[in-house]
Amino acid sequence: MLSKESEAISVSDADVEKSGAQTPTLAPPADGNDGGASDDLYEVKLEPEDDPKCLGLWHKWLAVLVICTSTLCVTFDSSVAAFTEQGLARDLHTSHEVTILALSLYVLGLGIGPLFVGPLSELYGRNAIYRVSYGLFFAFTWPTAFPPHIAVYLVFRFITGLCGSAFLSVAGDSVSDLFDNHHVATPMAVYTVSPFIGPVIGPLMAGFVVQNTDWRWCYRVLLIWQFVQNVLLVLCVPETYVPVILKRKAQKLRKSTGNEKYYAPLERQEHSLARMILNSCSTPFKLLMTDRMALALDVWSALLLGILYLAFQAFPIIFEDVHGFDIQSTGLAFLGIGVGITSALCTQPYWNRRFRQEAIKRGGHPPPEVRLLIAQCGGILAPAGLFIMAFTTYKQAHWMGPIFGSGLFGAGMYYIYAGVFTYLVTAYRPIAASAMAANSALRSSFAAVFPLFAGAMYHRLGTVGATALLAGLTTLMAPLPFIFHRIGARLRATSRFAVA
């Protein structure tokens, strides 16, 4: 449920209409026993004191920051594994190629999990999902910190990814639950950046830890962080899903009054968890198979995430083998991407103003294609950054060259995701959650596969040829936002799923 401002930044499955009207609770008859009274008299309504949007501003921002740091911790865990591969291969007596699976399996779990977690959150609420999933995330990280052999390590890497995935699918819902349409853009922007900053921070920490201590300390530090986040989730994040809030309110009223007639709308609806999960799994793939526009945008965003995760194998080759960096300096090289993403986020007020102007021009009802303006900028920056990286990976070139190029790529990636995510949610509003699930599944698939061939590609083509190949692929995709901005309305009119 995005307005002109709230749609200015990328969103996740959150942007589906929330239920729960804010009308006063109707008082039942005094004796509670009049058989002629309508059931509507006992339907529990949302009062201001129950509404998560009516919480204090500091409380809402505290909840958002806890959710964001929890999300950051999940994606941080994905990239840490890339810097533990040498120690893992040595101590668990396996090959380097097998250790790369630690990264791929984790990201695969992140992609599969949202297909199951989304429906569960609609039945049991956000908080139950957060606490259970993060508790399991913490518990199953222990076998990766103290693995007896490689099979145990890899299995639990996949399981931890699966458990942590709730924060890539449900967390955005909580942010939009807490803020109204006119104020959600900034907190949503902060949340949107956290999954992409996490993989950048991972190498920064892991590089220092691996060079100065043992690789296992990467996971021990992660365990400490997870424990703190578990405590903060319990203490600082309230339930924000209105149907579940009303359900709990009805349960309290029945218990306090002894009147079993009180009910919440969620309790009168027929829910089949199996059917909900089946829909959650099937609709995204139907969209990908039948809608060319959604498929093209999803492949574009998947390519970008694949390149980001490929960088965890490519940066050691570029900076250690070519420029002579040590491990911790190679980790610091990822700061370029982080600075690029953060710098792009700082320009969000400009894009918010730009979207408002476009809305005024169109009488307050801009078409979804307006959201692709920001992606047009990203479509130029991302390949430009990769080309700069490609042609500054020579030993004779200064090492700042590829770091500067990676910063441009990071900024372009943010702009592309901001445009694509908001476009998918607004253009495919009736199935917004499924549209984002399809995007997430494809992104995670690319991110899982790309690291597996990164080493072979860079050794075969060289740092210049391999990076230039990636730049060429992003260049081929760059016209998409320009094309869809022009003909998107015509394509939506022929789509089974998009709004006309």
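Reader: Let me pin down one convention before we start: buried means under 20% relative accessible area, exposed over 50%, and partly exposed in between (1.4 Å probe, protein chains only). With that in hand, is His 93 buried or exposed?

Author: His 93 is exposed, with a relative accessible area of 72%. A word on the source first: this is a predicted model, where local features need pLDDT of at least 70 and side-chain atom pairs count only at pLDDT 80 or more, while totals for chains, interfaces and linings use all residues. Residues are numbered from 1 along each chain as its sequence is written, and side-chain values use heavy atoms, with hydrogens and water left out.

Reader: Good to know, thanks! Where does His 93 lie?

Author: His 93 sits in the loop between helix H2 (85–91) and helix H3 (96–99). Helices here are DSSP runs (H or I, at least four residues), as are strands (E, at least two), numbered from the N terminus.

Reader: And what is the phi of His 93?

Author: It is positive, about 55 degrees, although His 93 is not a glycine. Most residues other than glycine have a negative phi.

Reader: Nice one to look at on a Ramachandran plot. Switching to the inside: which residues touch the most other members of the largest nonpolar core?

Author: Tyr 153, Tyr 428 and Tyr 458 do, in a core of 128 residues. Helix H15 (residues 292–322) gives the largest share of this core, 19 residues. By nonpolar core I mean a set of buried Ala, Val, Leu, Ile, Met, Phe, Trp, Tyr and Cys residues joined through side-chain atoms within 4.5 Å.

Reader: What does Tyr 153 touch?

Author: Setting aside residues up to four places away in sequence, Tyr 153 touches Ala 81, Thr 84, Leu 88, Leu 92, Ala 102, Thr 144, Pro 147 and Tyr 219. Contact means heavy atoms within 4.5 Å. There is also a second, separate core of six residues, including Val 44 and Leu 246.

Reader: What about nonpolar residues on the surface, which ones form a patch?

Author: Ile 224, Phe 227, Val 228, Val 231, Val 234 and Leu 235 form one, with about 560 Å² of accessible area together. Patch residues have over 30% relative accessible area and no salt bridge; like charges are joined within 9 Å, and nonpolar side chains (Val, Leu, Ile, Met, Phe, Trp, Tyr) within 5 Å. The areas come from the Shrake-Rupley method with a 1.4 Å probe, and for residues only the protein chains shown count as cover. Val 228 belongs to helix H11 (residues 216–236) and is partly exposed, at 40% relative accessible area.

Reader: Now charges, my favourite. How many salt bridges are there?

Author: A search of the whole structure finds nine. The criterion is a side-chain nitrogen of Lys or Arg within 4 Å of a carboxyl oxygen of Asp or Glu. One of them joins Arg 126 and Asp 177, whose closest N and O atoms are 3.1 Å apart. Arg 126 is in helix H6 (residues 126–145) and Asp 177 in helix H9 (residues 171–178), so this pair ties together parts 51 residues apart in sequence. Both Arg 126 and Asp 177 are buried.

Reader: And which side chains does Glu 358 meet in salt bridges?

Author: Lys 361, at 3.7 Å from N to O, and Arg 362, at 2.5 Å. Glu 358 and Lys 361 are separated by about one helical turn because they are three residues apart in helix H18 (residues 348–361). Glu 358 counts as buried at 10% relative accessibility, Lys 361 as exposed at 65%, and Arg 362 as partly exposed at 35%. Elsewhere, Arg 90, Asp 91, Asp 214 and Arg 216 are linked in a network of salt bridges.

Reader: Lovely. Last topic: how many disulfides does the structure hold?

Author: Zero, where a disulfide is a pair of cysteine sulfur atoms within 2.5 Å.

Reader: Why is Cys 163 without a bond?

Author: The closest cysteine sulfur, in Cys 73, is 13 Å from the sulfur of Cys 163, so it is too far for a bond. Cys 163 counts as buried, at 11% relative accessibility. Cys 236 is in no disulfide either, with the nearest cysteine sulfur, that of Cys 68, 13 Å away. Cys 236 is buried too, at 13%.
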